[in-house]
Amino acid sequence: MRISRTLTLNVVLSGVGALAALALGQASAQGDDYLRWSAQQTQTIGRSMRKSGRVGSIWSFRGLHTERASNYKLRATWLAPEVIRASARLEQMRSRLSEDTTKALVAEAEAAGDTVIMVEIDPDEGSGVIPLEWQAFLQPKNLKEGDIQPVGGVNTPKLRAVKALAGVAERDYNYDVFWMVFRLATDQGQPILSASVKEAELVVRIYNREARVSWLVPDSIRNRTTSVTTKPPG
């Protein structure tokens with residue numbers, strides 16, 4: 001009986017993995033294929049770049065700083081081109097939008113900056129206040145000396161109104177949501193995430209505590225990097 005259940009579970013997990021691989025493969029396709037994604041595909045693709053973490057340990061102690069939370073729950077969704085398209089497709093199905101209107105949602109989202117990461121923060125206990133000076137950095141994972149320095153994100157509240165940057169998950173009102181815009185190239189035209197970088201890392205710093213979440217760099221971001229990278233002068 002135990003062997004049978006194990007085999008059944010393995011088959012189910014294999015099926016889920018195959019579905020995710022298929023959906024992500026379709027996500028990387030060029031053109032307007034996203035306009036025909038199913039609701040299940042939009043969820044699979046849209047959630048593929050969503051990560052969770054925590055700023056500070058669950059055992060953190062505030063001491064005398066009662067104005068601070070003991071730690072902060074974190075979610076981060078990298079709004080890569082395929083995630084933008086999943087969000088736009090979901091809005092198309094939800095609001096019965098035309099194809100042209102849906103394409104306009106994608107264009108609006110991609111004009112927001114080189115790349116956007118939606119950061120959700122939930123203060124755990126304490127005052128429930130998120131300090132204005134919190135920071136987020138996008139960098140290669142396992143940053144080494146001599147690598148291009150991490151890029152600080154720019155909090156851009158107006159992107160709350162951009163529907164294709166809302167992600168596909170339902171809003172959790174325990175979390176405050178921030179749209180952080182990051183550059184993919186330096187002023188000299190060097191890519192922040194070069195072709196040799198396999199994984200990218202988001203570092204969120206609140207007071208003197210940090211959380212790190214990482215993603216494999218998708219081909220869509222490499223293509224986006226190429227489109228925004230310019231040759232250095234001279």
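Helices (H or I, at least four residues) and strands (E, at least two) are DSSP runs, numbered from the N terminus. Keep that in mind when you select elements by name.

**Before you click**

This is a predicted model, in which local features need pLDDT of at least 70 and side-chain atom pairs count only at pLDDT 80 or more, while totals for chains, interfaces and linings use all residues. Residues are numbered from 1 along each chain as its sequence is written, and side-chain values use heavy atoms, with hydrogens and water left out.

**Stop 1: the whole chain**

Show the protein chain as a cartoon. It has five helices and nine strands. From the N terminus, the elements run α-α-β-β-α-α-β-β-β-β-β-β-β-α. Colour by burial next. Of the 234 residues, 41% are buried (under 20% relative accessible area; exposed is over 50%, partly exposed in between; 1.4 Å probe, protein chains only). Now consider contacts, meaning heavy atoms within 4.5 Å. Among those between residues at least 6 apart in sequence, 74% join residues at least 24 apart.

**Stop 2: the five-stranded sheet**

Select β1, β2, β3, β7 and β6. They form an open sheet in the order β1-β2-β3-β7-β6, with antiparallel pairing. Two strands pair if DSSP finds at least two bridges between them. The edges are β1 (50-55) and β6 (154-155), each paired on one side only. Zoom in on β6. Two bridges join β6 to β7. Pick Asn-155: its bridge partner in β7 is Met-180.

**Stop 3: the four-stranded sheet**

Move on to the other open sheet, β5-β4-β8-β9, whose pairing is antiparallel. Why is one side of β5 and of β9 left without a neighbour in the sheet? Both β5 (151-152) and β9 (209-216) stand at the edges with a single partner strand, so each has one side without a neighbour.

Walk across the sheet pair by pair:

- β5 and β4 pair over two bridges, antiparallel. Leu-138 has Val-151 in β5 as its bridge partner.
- β4 (residues 135-140) is joined to β8 by six bridges, again antiparallel. Pro-140 has Ala-200 in β8 as its bridge partner.
- β8 (residues 199-206) and β9 are antiparallel over eight bridges. Glu-201 has Ser-214 in β9 as its bridge partner.

**Stop 4: the nonpolar core**

Hide the backbone and show side chains. A nonpolar core is a set of buried Ala, Val, Leu, Ile, Met, Phe, Trp, Tyr and Cys residues joined through side-chain atoms within 4.5 Å. The largest one has 54 residues. Select Trp-78, Ile-117, Ile-121, Trp-134 and Leu-202, which have the most contacts inside it. The elements that give two or more residues to this core are β2 (71-78), α3, α4 (99-110), β3, β4, β7, β8 and β9. β7 supplies the largest share, six residues.

Centre the view on Ile-117. Leaving aside neighbours within four places in sequence, Ile-117 contacts a list of residues including Trp-78, Leu-138, Phe-178, Leu-202 and Trp-215.

**Stop 5: the largest pocket**

Switch on the surface. A 1 Å grid over the protein atoms alone defines both kinds of space: a cavity is a set of points where a 1.4 Å probe fits but cannot get out, and a pocket is an open set with protein on both sides within 12 Å along at least five of seven lines. Lining residues have an atom within 4 Å of a point. Grid points are joined across faces, edges and corners, and a volume is the space filled by probe spheres set on the points.

The largest pocket has a volume of about 360 Å³. Its lining holds 21 residues, with Ala-166, Gly-167, Ala-169, Glu-170 and Arg-171 nearest the centre. α2 (39-47), α3 (81-95), β3 (115-124) and β7 (176-182) each give two or more residues to this lining. α3 gives the most, four. By class, the lining has eight nonpolar, four polar and nine charged residues. Ala, Val, Leu, Ile, Met, Phe, Trp, Tyr, Cys and Pro count as nonpolar, Asp, Glu, Lys and Arg as charged, and the others, Gly among them, as polar.

**Stop 6: the cavity**

Clip through the surface. How many cavities of 30 Å³ or more are there? The count is one, with a volume of about 80 Å³. Among its 13 lining residues, Leu-79, Ile-84, Asp-114, Thr-115 and Arg-224 are closest to the centre. α3, α4, β3 and α5 each supply at least two residues of the lining. The lining has eight nonpolar, two polar and three charged residues.

**Stop 7: Thr-225**

End on helix α5 (residues 219-228), which contains Thr-225. Is Thr-225 buried or exposed? Thr-225 counts as buried because its relative accessibility is 6%. Not counting residues up to four places away in sequence, Thr-225 touches Leu-184, Pro-191 and Leu-193.
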